[in-house]
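This note is addressed to a colleague who has not yet examined the structure. Please keep the sequence and the view at hand while reading.

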Amino acid sequence: MPIEYDAIVVGSGPNGLAAAITMARAGCSVLVCEANATIGGGARSAELTLPGFVHDICSAVHPLAAASPFFRTVPLERLGFEWIQPDIPLAHPLDDGSAAALYKKVDFTAEQLGGDSRAYRRLMAPLARNWEDLAIEFLQPMLHLPQHPITLTRFGIPAVSPATLLAKYLFKREPARALFAGIAAHSFLPLEAPVSSAFALVLGLAGHAVGWPIPRGGSQQISNALATYLRELGGVIELNRRTENLRDLPKARAILLDLSVWEFLRIAGQELPSRYRRKLQFFRHAPGIFKIDYALSSPIPWKAEACRHAGTIHLGGGIDEIAAAERDVSRGRIPERPFVLVAQQSLFDKTRAPGDQHTLWAYCHVPFNCDADMSDQIESQIARFAPGFRDCILARHKMSATDLARSNPNLAGGDISGGAANLAQLIARPILSPTPYRTPLPGVYLCSASTPPGGGVHGMCGYHAAGVALRDRFATREQ
Ligand SMILES: Cc1cc2nc3c(=O)[nH]c(=O)nc-3n(C[C@H](O)[C@H](O)[C@H](O)COP(=O)(O)OP(=O)(O)OC[C@H]3O[C@@H](n4cnc5c(N)ncnc54)[C@H](O)[C@@H]3O)c2cc1C
């Protein structure tokens, strides 16, 4: 069979598009094969509830994209793409009607934390000053020679600590502890687990460096901008083309798979050497999520003023309650009071809903592959901090683990991270190697969130995987 393309990318998620763009920029002919009828994987939007209400199907808030070295190489502004910075990146309401909040400035955030101001400033300020160096270090495979060893050590010591331990050691009061625990819960790890603090540090520092922005018009606009850029570079995207077997693809010099480890095993399992296959079979899922999108008649009547100005809200009360919920989830139990992540994009982006109406994006963590309907628990958590919330609901759209997997095979069991981000799987993702993107099949590379640096919309898995493919297959052409 003659070679038809230099590179074929399976999957048009942010990592697939990043890989395709990187290959095309190096002069390769590129075909992207996408199973879905729309591009974007985890960065898509649609009218899920009522006409005119634009909901983010998956990702909503994008500190990692804003911080991503890959995204900085894309001429987003020229492509008509715009980040919106909510007034406050993140608020975390408490039962007394107050809220802790993450503001753009470290000092201002610290000042609002009362008795924990000094501790917050001491933890975050030196790291925030070195954010650029740090971001380069953790947005690549863990097995690498550090370019900034001192900065990395200063980050690494608190980062490997369990979040509950670090928060309770550093902070004396509930607002700072709860704020830290809520951000750490993005890890999907029990908050007593090593490296759960890393997520609080990375996302907190990203908030101080680049904010927690939302895309004007919805996260689909991220994918549309990347796809337009890819097409300008000569790339071709075919939709409704699900790859069932690696052998069915046209012949290419490099194949980059924006697939989870499990989807990779499904389409190529028999061809993989048994030792490598066993390593992949050993790779563990993260817990799942249950998601709801709402069309609302008015903004949410939060008790705490900060919540009325924040793009993202974390609901789970104090640190012990959040830790208990995440512990339950990791043990396969449904939490009575789950930790809920909320985004209220339409407060800052009028394109999301008609007139004075609003959208709301919310999800909670559940055990892997759990199909329980969590809408009551999610609504109770919102109403706890915003009495009257239920009166604003015009329509709901729910997505369980099964619905998520149906919308994207990479989300099997409701795992939105491409596999658990525990210490072992941060180091060996999915295998222990400085170039874990390379598979034993010649010219075949993994480039999804199952590779470093892991989940989130940042494109860095695709960017690095394409870099390895270019070095391996196109050494003379690399730019
Ligand atoms: C509900 C939800 C909320 C999230 N919120 C955020 C957030 O706010 N911020 C953030 O940064 N991240 C968020 N994420 C995570 C983020 O969306 C993912 O980490 C990211 O999209 C992973 O990118 P990817 O390119 O690796 O894979 P994906 O985005 O999953 O893309 C993979 C693509 O491959 C396609 N595909 C799969 N199998 C095949 C096949 N066999 N043949 C052809 N095509 C195939 C899929 O249809 C999909 O388009 C969220 C995810 C979900 C689900």
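The points below concern the ligand first and then one of the strands beside it.

1. The model is a predicted one. In it, 37 residues surround the ligand. The closest are Glu34, Gly42, Val61, Asn408 and Gly456.

2. Two of these closest residues also appear among the backbone contacts. A polar backbone atom of Gly42 is 2.7 Å from an oxygen atom of the ligand, and a backbone N or O atom of Gly456 likewise lies 2.7 Å from a ligand oxygen. For Pro14, the distance from a polar backbone atom to an oxygen atom of the ligand is 3.3 Å. The ligand taken alone exposes 1,000 Å², of which the protein buries 95%.

3. Helix H1 (14-25), strand E11 (288-296) and strand E14 (358-366) each give two or more residues to the shell around the ligand. H1 gives the most, with three residues. By class, the shell has 16 nonpolar, 15 polar and six charged residues.

4. Strand E11 is mostly covered, with nine of its nine residues buried. Gly288, Phe290, Ile292, Tyr294 and Leu296 point one way from E11, while Ile289, Lys291, Asp293 and Ala295 point the other way; the residues of both sets are buried.

5. E11 is paired with two strands. With E14 it runs antiparallel, joined by nine bridges, and Ile292 stands opposite Ala362 of E14. With strand E15 (residues 393-399), E11 pairs in the antiparallel sense over six bridges; there, Ala395 in E15 is the bridge partner of Ala295.

Notes. Residues are numbered from 1 along each chain as its sequence is written. This is a predicted model: local features need pLDDT of at least 70, side-chain atom pairs count only at pLDDT 80 or more; totals for chains, interfaces and linings use all residues. Side-chain values use heavy atoms; hydrogens and water are left out. A residue is near a molecule or strand if one of its heavy atoms lies within 4 Å of it. A polar contact is a pair of N or O atoms within 3.5 Å; within protein, one must be able to donate a hydrogen and the other to accept it, and residues adjacent in sequence count only if both atoms are side-chain atoms. Accessible areas come from the Shrake-Rupley method with a 1.4 Å probe; for residues, only the protein chains shown count as cover. Helices (H or I, at least four residues) and strands (E, at least two) are DSSP runs, numbered from the N terminus. Ala, Val, Leu, Ile, Met, Phe, Trp, Tyr, Cys and Pro count as nonpolar, Asp, Glu, Lys and Arg as charged, and the others, Gly among them, as polar. Buried means under 20% relative accessible area, exposed over 50%, partly exposed in between (1.4 Å probe, protein chains only). Two strands pair if DSSP finds at least two bridges between them.
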